[in-house]
Amino acid sequence: LQISRSGREGKLLYQLRNIAAKEGFRGFYRGYVMGIASYIPFNILWWTTYGNVRRGMPDRSVQTQIACGAGVAAATSAAFIHPLELVKTRYQVATSDTVAAAGVVTGTRNSDREGLRQVVRNVMGESGPKGFYAGFLPTLMRSVPSAIIMMSVFEHLKAKRKDPGQESAL
């Protein structure tokens, strides 16, 4: 739905029927293993970075520790995982009518549907290593503020739960 044009392609029921008709049940899980494979290292890197940054700032306010920790963790983990996410996303949308109608699925892009290894070869052939970071700036612009807000709320609620009778340091 994110890449669909308006009209019937922008409707959930149309997309569900289309995937089922073209690829069957397996089509709903296109890229799933790659998503799980990137989720685990992303979270390990994210939480490790967050904790290390916070511990490395003992003389700063709690709010500054949280904001810096979450921001650096989001940027670091996104930088590490973005190439995997790019490959997964290209593979997931390779069979899309919208991509085909836009003329994107031509030349090497047409072979993205053959598998993850083929997507990697296609990205390297089209743009070289820098191609794996296409769209990275919007990812940062979304993930860094989101992480700061999420961890501010998380740490606030965690502090409230530990000491319900006193006002939180946040």
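Okay, one definition before we start: a residue is called buried when its relative accessible area is under 20%, exposed when over 50%, and partly exposed in between. Keep that in mind, and also keep in mind that what you're looking at is a predicted model.

So let's try the definition out on R90. R90 comes in at 10% relative accessibility, and because that is under 20%, we call R90 buried. What does R90 pair up with? R90 makes a salt bridge with E126, and the closest N and O atoms are 3.0 Å apart. R90 belongs to helix α3 and E126 to helix α5, residues 116–127, so this pair ties together parts that are 36 residues apart in sequence. The partner, E126, is a bit of a contrast: E126 has 36% relative accessibility, so E126 counts as partly exposed.

That's one salt bridge, and the structure holds four of them. Let me show you another, between the side chains of R54 and E155, at 3.0 Å from N to O. This pair links distant parts of the chain, with R54 in helix α2 and E155 in helix α6, residues 136–162, and the two positions 101 residues apart. Both R54 and E155 are buried, and for E155 the figure is 8% relative accessibility.

Now, E155 has a second partner. K158 also forms a salt bridge with E155, with the closest N and O atoms 3.2 Å apart. Those two sit three residues apart in helix α6, so about one helical turn separates them. If you're wondering about the geometry, an α-helix has 3.6 residues a turn, so residues three or four places apart point the same way. K158 is partly exposed, at 36% relative accessible area. Put the shared partners together and you get one network of salt bridges joining R54, E155 and K158.

Okay, over to helix α1. It has twelve residues and reaches 16 Å from the first C-alpha to the last, close to the 16 Å expected at 1.5 Å a residue. Which residues of α1 are buried? Those are Y14, Q15 and N18. They cover an arc of only 95° around the axis, which puts them on the same side of α1. Swing round to the other side of α1 and you find L12 and R17, which are exposed. Right after the helix comes G24, with a positive phi, near 75°.

L12 brings us to the surface. There's a nonpolar patch of about 1300 Å² here, and its members include L12, L13, L16, F25, F28 and Y29. Two elements give two or more residues to this patch, α1 (12–23) and α2 (32–55). Which one gives the most? That would be α2, with six residues. One patch member to click on is I44, which is located in helix α2. I44 has 53% relative accessibility, so I44 counts as exposed.

Last stop, T95. You'll find T95 in the loop between α3 (62–93) and α4 (97–101). Is T95 buried or exposed? T95 is buried, at 17% relative accessible area. And what touches T95, once we set aside neighbours within four places in sequence? The contacts are K22, E23, R30 and R113. There's also S111, which is 16 residues from T95 along the chain, with 9.9 Å between their C-alpha atoms.

That's the tour, thanks.

Conventions: Residues numbered from 1 in each chain as written. Predicted model: local features only at pLDDT ≥ 70, side-chain atom pairs only at ≥ 80, totals over all residues. Heavy atoms only, no water. Patch = residues over 30% accessible without salt bridge, like charges linked within 9 Å, V, L, I, M, F, W, Y side chains within 5 Å. Areas by Shrake-Rupley, 256 points an atom, 1.4 Å probe, with all protein chains shown as cover. Salt bridge = Lys/Arg side-chain N within 4 Å of Asp/Glu carboxyl O. Helix = DSSP H or I, 4+ residues; strand = E, 2+ residues; numbered from the N terminus. Buried < 20%, exposed > 50% of the residue type's maximum accessible area, 1.4 Å probe, protein only. Expected span 1.5 Å × (residues − 1). Arc of directions from axis to C-beta. Contact = heavy atoms within 4.5 Å.
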